Amino acid sequence: MAAFDLITKDDLEKFKVELFAELRRPGYKLNKKEEQKEWLKSYEVRSILNISAGTLATFRRNGTLRFSKIGGLLYYKHDEIVKLLEGAS
């Protein structure tokens, strides 16, 4: 007979709290394979935040996410991405 574990809303809330605590832990890196870069390109930010190019453009326009433009490329500070993630909790 198969055993089933029920997951409650309280279980999910506890998991969320633990997950965000881990993300906020000093020294946590979004990509543990390599040293975290200070500046990220747009495609990297979209991948981390799991958002579309249009949503990223909206974040730039409304000031949610600051950026720097060098030549034709947009760059975002890693610390700003972390702050945005922390605000989403």
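Student: Before we start, how are axes and angles set up here?

Tutor: Axes are lines fitted to C-alpha atoms, for helices over the stretch in contact. Angles are taken between N-to-C directions, and they run from 0 to 180 degrees. Keep in mind that this is a predicted model.

Student: OK, at roughly what angle do helix 2 and helix 3 cross?

Tutor: Helix 3 covers residues 53-61. Its axis and that of helix 2 come within 10 Å. The crossing is at roughly 105°.

Student: Is helix 2 roughly parallel or roughly perpendicular to helix 3?

Tutor: Angles from 65 to 115 degrees count as roughly perpendicular. The crossing angle is roughly 105°, so helix 2 against helix 3 is roughly perpendicular.

Student: Which residues of helix 3 make that contact?

Tutor: On the helix 2 side you've got Ser42, Val45, Arg46 and Leu49. The contact's residues split into five nonpolar, one polar and one charged. Across from helix 2, helix 3 brings in Ala53, Leu56 and Phe59.

Student: Now helix 4. Is helix 2 roughly parallel or roughly perpendicular to helix 4?

Tutor: Helix 2 spans residues 42-49 and helix 4 spans 78-87, and their axes come within 11 Å, crossing at roughly 25°. Anything under 35 degrees counts as roughly parallel. So helix 2 and helix 4 are roughly parallel.

Student: And is that crossing left-handed or right-handed?

Tutor: Look at how helix 2 passes helix 4. The crossing is right-handed.

Student: How many residues are nonpolar in the contact of helix 2 with helix 4?

Tutor: Val45, Ile48 and Leu49 of helix 2 meet Ile81, Leu84 and Leu85 of helix 4. None of the residues in this contact is polar, and none is charged. The nonpolar count is six.

Student: Moving to the sheet, what is the strand order?

Tutor: The sheet is open, has three strands and pairs in the antiparallel sense. Strand 1 (39-41) and strand 2 (68-70) are the edge strands, each pairing on one side only. From one strand to the next, the twist averages 40°. The order reads 1-3-2.

Student: Which residue in strand 3 is the bridge partner of Lys41?

Tutor: Strand 3 runs over residues 73-77 and pairs with strand 1 through three bridges, antiparallel. The partner of Lys41 there is Tyr75.

Student: Last one: what angle does helix 4 make with strand 3?

Tutor: Helix 2 packs on the sheet, touching strand 1 and strand 3, and its direction makes about 90° with that of strand 1. Helix 4 also packs on the sheet, touching strand 1 and strand 3. With the direction of strand 3, helix 4 makes about 60°.

Key:
Residues numbered from 1 in each chain as written. Predicted model: local features only at pLDDT ≥ 70, side-chain atom pairs only at ≥ 80, totals over all residues. Heavy atoms only, no water. Helix = DSSP H or I, 4+ residues; strand = E, 2+ residues; numbered from the N terminus. Parallel < 35°, antiparallel > 145°, perpendicular 65-115°, else oblique. Left-handed = near helix turned anticlockwise from the far one by under 90°. Contact = heavy atoms within 4.5 Å. Nonpolar A, V, L, I, M, F, W, Y, C, P; charged D, E, K, R; others polar. Pairing = 2+ DSSP bridges.
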